[in-house]
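Trainee: I'm new to this structure and would love a close look at one part of it. Could you walk me through it slowly?

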Amino acid sequence: SQPDHTEKAAMWDLLTAHDLASIELTESLAMLPAASVSGLYFANPESKYFAVGKIQKDQVADYAKRKKMDLETCERWLAPMLGYDR
């Protein structure tokens, strides 16, 4: 799974997902039909699964800056991943 759902819009455009699979993105970037799933999958015999832990405010601030997104918006999208109260 990808913690930052705002990247789905770029994936949909690159893959022309709506045209190929008739899967739509809502304003909140949920997928319709609801049973749809997406992710980034990398094939390599040495690859390993890993989970991303909770992130701190300095990491979110740096990420927001790189995405050219204000901190509050970035925190809203990454809320489940935050390791602090906002």
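Trainee: Where does S22 lie?

Mentor: Happy to help! This is a predicted model, in which local features need pLDDT of at least 70 and side-chain atom pairs count only at pLDDT 80 or more, while totals for chains, interfaces and linings use all residues. Residues are numbered from 1 along each chain as its sequence is written, and side-chain values use heavy atoms, leaving out hydrogens and water.

S22 sits in the loop between α2 and β1 (24–25); here helices (H or I, at least four residues) and strands (E, at least two) are DSSP runs, numbered from the N terminus. Most residues other than glycine have a negative phi. S22 has a positive phi, near 55 degrees. With a relative accessible area of 51%, S22 is exposed (exposed is over 50%, buried under 20%, partly exposed in between, with a 1.4 Å probe and protein chains only).

Now look at the other end of α2. T16 is in the loop between α1 (8–15) and α2 (17–21). T16 also has a positive phi, near 45 degrees, and at 36% relative accessible area T16 is partly exposed.

Another backbone feature worth finding is the cis peptide bond that joins L32 and P33, with omega about 5 degrees. P33 belongs to the loop between β2 (31–32) and α3 (57–67).
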